Amino acid sequence: MRKNIITATFNAKSGHPGGSLSAADILSYLYFEEMNVDSKAPHDENRDRFVLSKGHAAPALYSVLALKGYIPAKDLKTLRHIDSYLQGHPDMKHTPGVDMSTGSLGQGISAAVGMALSAKVQNKSFRIYAMLGDGELQEGQVWEASMFAGSHGLDNLTVVVDNNNLQIDGTVREICSPYPIGEKFRAFNFHVINIDAHDFDQIRAAFKEAKSSKGKPTAIIAKSIKGKGVSFMENAVGWHGKAPNEEQYKQAMQELEKNGEVSA
Amino acid sequence: MTTVKTATRESYGNALVELYKKHDDIIVMDADLAAATKTGIFKKAYPERHIDCGIAEANMMGMAAGISTTGLVPFVSTFAMFAAGRAFEQVRNSIGYPHLNVKIGATHAGISVGEDGATHQCNEDIALMRTIPGMVIINPSDDIEARAAVTAAYDHDGPVYMRFGRLAIPVINDRADYKFELGKGVTLREGTDATIIATGLCTGASLEAAEKMAQRGLDVGVINIHTIKPIDKEIIVKAAEKTKKIITVEEHSVIGGLGGAVCEVLSENCPSTVLRIGVNDCFGHSGPATALLHEFGLDAEGIDNKVSSFLK
């Protein structure tokens, strides 16, 4: 999956590798173990939904969609190209498997809350998953949405905060600190779980706990490493919205190869 | 013209109740203004299908987008100021860009909001919504048209912005052959000296003004443009070819609304002299709605005066 992200952003000559790599493990867990989805029926009305509220991690979403068979893996190389359907930010109208068009921060979580409410209104059992960035928490709309979800006890909603601690201009702490994140969601009537975003045992346990939590939505605060898996990208603020050059691409792919990463 | 007066926001609330009887896939949303937007009428009838999102319009628009992807048709309601203004980017990116089937019922449009004053008098919503690709904009002229607009909005697949008013206005469309066709202008009065192209509550006032002018020998036609986008180019161009002089009348800024839309059509297809009557690039203020409409020259007397001097 990480190789797909690197390949896609390398070929796009732009994009967001850092925040895609930090989100990669949770996305692959969601699509391969957690969610009730079928790439052959991307519009099944009873499917679980995933909303990438941090839409700039589109390379991660496209990579997992390719691994799941929603889109051909060869298309990943067309990311952000002028004739490609793989837009810089997810486009639900042209990419099978994308449940909501996102990219403007703070908006995806509202759509996810709407989907969760709709499931309740229609007595349907599908679940909704949304992933937010930690910098995204600075958007006021996130808290409007959280207030609604918490006050309506939408326990079919799980929000994941990809807490890689970095945003474009610096660390989230120095720009405008969202900490303490867990306490904030708890105050909005969420069930809160803290995990290591790159530990599959913790990821698995957290989503299991979220599913069994009744009467409250769940927020999983996932402590992650921006650029995870590529040594020179890890925890480096400069890799938010920059693509690797040829040399960096080769090094990144070698490192990921060594770690046993598979690509689609 | 009958003397029964109804605010189009009232028509909206009533029409939603009727719509749900036929289409149980609708869901009505509001942002703590149900008593004012009149979705409270629907809430009373079908409380389980009315969602009050609280005072958080940006989130409400996003939620409506999400809901629309799950097989329901949301009618999302608040004042025009907050629907088109505050939540513009949510409407653009979460609803417009994915072309989702969300219907926006925006009430309290224009200066006829009255006493609440400039912060709540939205004279910019048509201009804002018109720039969103694929957005349909309906600005009905009375109770009959407002009810028809709600059904038409439901029948249309894609986002629709409906503009309703707070002020009770006379019924002008009580004709046996009345039929609402999305995107089709309606000739209410034929004329040879000039044509008034009006929308919303200014339509009735424009008709009244035309009748007054007729008594003085000025033969002015009136066209009702209830659908501002997509606009009926044909009826506008035909009117300009026939009468040469065109006047637009709207309770909206003269920038970017009906006046702007008509000028765009005519400058490309039939260059004509156009007088735009509306809010002249200024803010409103508090006062009774009818007094404000008079002050801004948007009642029959004001329209009569402006059109008469334009035609001199």
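Me: How do you know how far apart the centres of domain 1 and domain 2 of chain B are?
Reply: In this predicted model, the C-alpha atoms of each domain give its centre, and 24 Å separate the two. The domain assignment puts domain 1 at 5-170 and domain 2 at 186-307.

Me: What makes these two domains of chain B count as being in contact?
Reply: Two residues are in contact if their C-beta atoms lie within 7 Å. The contact takes 28 residues from domain 1 of chain B and 30 from domain 2 of chain B. On the domain 1 side, helix 7 (125-130), strand 6 (136-138), helix 8 (143-155) and strand 8 (169-170) of chain B each give two or more residues. That side has 13 nonpolar, 9 polar and 6 charged residues.

Me: Why are Ala300(B), Ile303(B), Asp304(B) and Val307(B) said to be on the same side of helix 13 of chain B?
Reply: These four are buried residues of helix 13 (residues 300-310) of chain B. They cover an arc of only 100° around the axis, so they sit on the same side of the helix. Among what covers them are strand 10 (194-198) and helix 9 (202-215) of chain B.

Me: Why are Asn305(B) and Ser309(B) called exposed?
Reply: Exposed means that 12 or fewer other C-beta atoms lie within 10 Å of a residue's own. Both residues are exposed, on the other side of helix 13 of chain B, so each of them meets that cut-off.

Me: Which element gives the largest share of the side of chain A that touches chain B?
Reply: Helix 4 of chain A, with 11 residues. The contact takes 22 residues from chain A and 24 from chain B.

Methods: Residues are numbered from 1 along each chain as its sequence is written. Chains are lettered from A and ligands numbered from 1 in the order in which they are written. This is a predicted model: local features need pLDDT of at least 70, side-chain atom pairs count only at pLDDT 80 or more; totals for chains, interfaces and linings use all residues. Domain bounds come from an automatic or database domain assignment. Ala, Val, Leu, Ile, Met, Phe, Trp, Tyr, Cys and Pro count as nonpolar, Asp, Glu, Lys and Arg as charged, and the others, Gly among them, as polar. A residue is buried if 20 or more other C-beta atoms lie within 10 Å of its own, exposed if 12 or fewer, and partly exposed in between; C-beta atoms are placed from the backbone. The arc is that of the directions from the helix axis to the C-beta atoms.
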